[in-house]
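Q: I've got this one open and would like to talk through how the pieces fit together. Could you walk me through it?

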Amino acid sequence: MQVNWNDRFATRLEWMTTSAIRDILKCAQTPGLISMAGGWPEAELFPTAQLAEIAQQVLTQSPRDSLQYGLTDGLTVLREQLAKMSTAQGIPAQPENIVITSGTQQSLDLLGRILLNEGDTLLVENPTFLGALQSFKAYGARFRAVPMDDQGAIPEELDGHDAKFYYALPTFQNPTGVTTTLERRKALLERAREQNLVIVEDDPYGVLRFEGQPLPTLAQLAAEEDIARGGSGLPQRVIYCSSFSKILAPGLRLSWIVAPRELTGPLVMAKQGADLHTNALAQSMASEFIRRGWMPAQIERIRETYRVRRQAMLQAIEAYFPSGIYYSRPEGGLFMWVELPGEVETIPLLPKAVEQQVAFVPGKPFYITDAGDSTMRLTFASIQPELIHEGIRRLGGLIKAHLGA
Ligand SMILES: Cc1ncc(COP(=O)(O)O)c(C=O)c1O
């Protein structure tokens, strides 16, 4: 007898979606194509020689740490290092407040697993990171849009939704590249406090600032408030997620969560069921990389490269795009956001762009509302400046042709 799988799938499979972006990116893999589409860091900046040296060392000197089963919450020494780093960044944490995960994508999945019931409402910026929507949808979440402008998310929009949490990307947002201003950050926290709302702050790009003054994270602001009230400083309302993906290498699949202990226990329990623990070799290598003091120079190298490339993209846009088009001016991270005149829809524009050997990501899939038809996300991170120039020239020509300009 044939197995009819459709009778056997869990209801939750209906809530799952594949990433529209991944499907789009499949067409952007052709050799010779200038792809400003992927959210990939520059592979030339992976510290391969240093990682090779470290891998050799940890495999010979501490094979148990790097090859044996490990603790679910993560390698103790790495949790200690991350707690120190977190404290130095104004989020006072103990190792018990750190859970090491297999990428922020897993952090989001685990948070969904322990916090969400079917039908729960989540507040998400509109547009927002598609991978988060995918993770949360799989637990039956419903989304409410928090609109954004070029100052970041609009605080008043947090009011009155009885949401399980607000998923926030205040720094170099994916997809828009926008950074929420300090006033808005304070106002968002204030609103969250008034509404007794929890915030999940996703911050994979914060240290990759190449221009302007660093801003405190939401977690840091919450910590400052807590200390002012006589607390230990560990934020209770803000769960902070960050990652080694954009500062070391995404293939390591290594990230962390900073959270109150009431949360780390359930997170660890959920992670046990998911994958027992994060790759031990990757954890040992990252820990040794930090111990040797190599991280600041590594981050500086990335910042400098992205700064030059962001500049190249801005200049090319100014030179080749028709006037009157909105584009963000990110001060860090990987992405720039473009809003074309309403008559140009970017989804049908993509195949035409690919014909001309250039690719971008249409912005619409990042929205939870029926919006964003004329938007696109561009990355400058993984492309040489000459190719950025050429890619934007081709794209500009295409847009102009569309507009009859
Ligand atoms: C905002 C945001 N969160 C999470 C992730 C996933 O990161 P990781 O590689 O740590 O899973 C990304 C990846 O691009 C991202 O842009």
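A: Before we start, contact here means heavy atoms within 4.5 Å, and please keep in mind that this is a predicted model.

Q: Okay, with that in mind, which residues of α13 meet α14?
A: On the α13 side they are Leu 349, Lys 352 and Ala 353, and they meet Leu 395, Leu 398, Ile 399 and His 402 of α14.

Q: What's the makeup of that contact, by residue type?
A: The residues in the contact of α13 with α14 divide into five nonpolar, one polar and one charged.

Q: And at what angle do the axes of those two helices cross?
A: The axes of α13, which covers residues 346-355, and α14, which covers residues 385-403, cross at roughly 130° and come within 10 Å. That angle is why α13 counts as oblique to α14, and the crossing in which α13 passes α14 is right-handed.

Q: Where else do two helices cross, say for α3?
A: Helix α3 (residues 48-61) crosses helix α11 (residues 280-291) at roughly 115°, with the axes coming within 9 Å. The angle therefore makes α3 roughly perpendicular to α11, and α3 passes α11 in a right-handed crossing.

Q: Which residues meet there, between α3 and α11?
A: From α3 there are Gln 50, Leu 51, Ile 54, Ala 55, Gln 57, Val 58 and Leu 59, and these meet Leu 281, Ser 284, Met 285, Glu 288 and Phe 289 in α11. Sorted by type, the residues of the contact of α3 with α11 are eight nonpolar, three polar and one charged.

Q: Switching to sheets: what's the strand order in the one with eight strands?
A: That open sheet runs β2-β9-β8-β7-β6-β3-β4-β5, and its pairing is mixed. The strands at its edges are β2 (98-101) and β5, each of which pairs on one side only.

Q: Which helices pack on it?
A: One of them is α9 (residues 218-228), which touches β6 (165-168), β7 (198-202) and β8 (238-243), and whose direction makes about 140° with that of β8. Helix α10 (residues 261-275) also packs on the sheet, where it touches β2, β8 and β9 (255-258), with a direction at about 25° to that of β2.

Q: Back to the strands: do β3 and β4 pair parallel or antiparallel?
A: They pair in the parallel sense, over six bridges, with β3 spanning residues 121-126 and β4 spanning residues 142-149. Within that pairing, Thr 121 has Arg 142 of β4 as its bridge partner.

Q: What do β3 and β4 make together with α7?
A: Together with helix α7 (residues 130-137), β3 and β4 make a β-α-β unit, and this unit is right-handed.

Q: Then what joins β4 to β5?
A: A hairpin joins them through two residues, and β4 and strand β5 (residues 152-153) run antiparallel, joined by two bridges. In this pairing Met 148 stands opposite Ala 153, while Asp 149 stands opposite Gly 152.

Q: What about the sheet of four strands, how is it ordered?
A: This open sheet has the order β10-β11-β14-β13, with antiparallel pairing. Its edges are β10 (326-327) and β13 (361-362), and each has a single partner strand, so one side of each is left without a neighbour in the sheet.

Q: How many bridges pair β10 with β11?
A: Two bridges, in the antiparallel sense, with β11 covering residues 335-339; Tyr 326 stands opposite Glu 339 of β11.

Q: Which helix lies across that sheet's strands?
A: Helix α12 (residues 295-320) lies across β10, β11 and β14 (375-379), and it runs at about 15° to β11.

Q: Last topic, backbone oddities. Where are the cis peptide bonds?
A: One is the bond from Asn 126 to Pro 127, with omega near 10°, and Pro 127 is found in the loop between β3 and α7. Another cis peptide bond joins Asn 174 and Pro 175, with omega about 20°, and Pro 175 is found in the loop between β6 and α8 (182-195).

Q: And which residue has a positive phi although it is not a glycine?
A: That is Asp 162, whose phi is about 50°, and Asp 162 lies in the loop between β5 and β6.

Conventions. Residues are numbered from 1 along each chain as its sequence is written. This is a predicted model: local features need pLDDT of at least 70, side-chain atom pairs count only at pLDDT 80 or more; totals for chains, interfaces and linings use all residues. Side-chain values use heavy atoms; hydrogens and water are left out. Two strands pair if DSSP finds at least two bridges between them. A crossover is right-handed if, with the strands pointing away from the viewer, the path from the first strand over the helix to the second runs clockwise. Axes are lines fitted to C-alpha atoms, for helices over the stretch in contact, and angles run from 0 to 180 degrees between N-to-C directions. Angles under 35 degrees count as roughly parallel, over 145 as roughly antiparallel, 65 to 115 as roughly perpendicular and the rest as oblique. A crossing is left-handed if the near helix is turned anticlockwise from the far one by less than a right angle, and right-handed if clockwise. Ala, Val, Leu, Ile, Met, Phe, Trp, Tyr, Cys and Pro count as nonpolar, Asp, Glu, Lys and Arg as charged, and the others, Gly among them, as polar.
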